[in-house]
Amino acid sequence: MQRILALTIVAFLLALTSACTEEGGSPMKTVSHVDLESFMGDWYVIANIPTFIEKGAHNAVESYALNDDGSIATTFTFNQDAFDGPAKTYRPTGFVRDPSSNALWGMQFLWPFKADYRIVWLEPDYSITVIARAKRDYVWIMARQPRIADDKYAEILNFIGKLGYDTDQVEKVPQHWPE
């Protein structure tokens, strides 16, 4: 019951803020095109401005799978507060809002609310991505591997700052996986 209440609150707050006008400067551009099949699969969350359910997340992974109806089955997993902390799993559904680019989605944690989800950075080989929101309240740096090079991380932080985010709020997500 507590989990349902938390999801309801997150969905309501994200949907409420996604209806707001863009803040922090000019309209936020997405990447020009996302090949959805190439984007599917596992993404390690390298850093983020966390929502309240993500605070303390360790080994956070977001996984996407394309459904037959074009929606995106999403599974977000992590351990709470420690690498051996309780496992948490959330299963929102993504919906492409701009089929010409596939880079603007709505992410639905609870019907009928769809939170703003914008793919604003995507390496050509689909190895690193940045997901942002027009409100500039949350952001996620994700990669296909649990670590990225320090110089690439600095480049992405600089990019996020130019989008209008306060980069001091970005937190690295602890990742530790057997090699």
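## A walk through the fold

Start with the whole chain in cartoon view: along the sequence, the elements run α-α-β-β-β-β-β-β-β-β-β-α-β. Helices (DSSP runs of H or I, at least four residues) and strands (DSSP runs of E, at least two) are numbered from the N terminus. This is a predicted model, in which local features need pLDDT of at least 70 and side-chain atom pairs count only at pLDDT 80 or more, while totals for chains, interfaces and linings use all residues. Residues are numbered from 1 along each chain as its sequence is written, and side-chain values use heavy atoms, with hydrogens and water left out.

Now colour by burial. Of the 179 residues, 47% count as buried, meaning under 20% relative accessible area, with exposed over 50% and partly exposed in between (1.4 Å probe, protein chains only).

**Stop one: strand E2.** Select residues 57-66. Eight of these ten residues are buried, so strand E2 is largely enclosed by the rest of the structure. Which strands flank E2? Strand E1 (residues 41-49) is antiparallel to E2 and joined to it by four bridges; strand E3 (residues 72-80), also antiparallel, is joined to E2 by eight. Strands count as paired if DSSP finds at least two bridges between them. To check the register, show Trp43 opposite Glu62, then Val61 opposite Thr77. Five residues separate E2 from E3 in their hairpin, and Gly70 in the turn has a positive phi of about 95°.

**Stop two: the cores.** A nonpolar core is a set of buried Ala, Val, Leu, Ile, Met, Phe, Trp, Tyr and Cys residues joined through side-chain atoms within 4.5 Å. The largest has 26 residues; Val34, Phe39, Tyr64, Trp105, Ile119, Leu122 and Met142 touch the most other members. Elements that each supply at least two of its residues include helix H2 (36-39), strand E6 (104-110) and strand E7 (113-122). Apart from this core lies another, of 21 residues, among them Met28, Val61, Trp121 and Leu163.

**Stop three: helix H3.** Select residues 150-163. At 1.5 Å times one less than the number of residues, these 14 residues should span 20 Å, and the end C-alpha atoms are 20 Å apart, which agrees. Which residues of H3 are buried? Show Lys152, Tyr153, Ile156, Ile160 and Leu163. Seen down the axis, the buried residues fall within an arc of 100°, so they line one face of the helix; the arc is taken from the directions from the helix axis to the C-beta atoms. On the other side, Asp150, Asp151 and Lys162 are exposed. End at Gly164, which follows H3 and has a positive phi near 110°.
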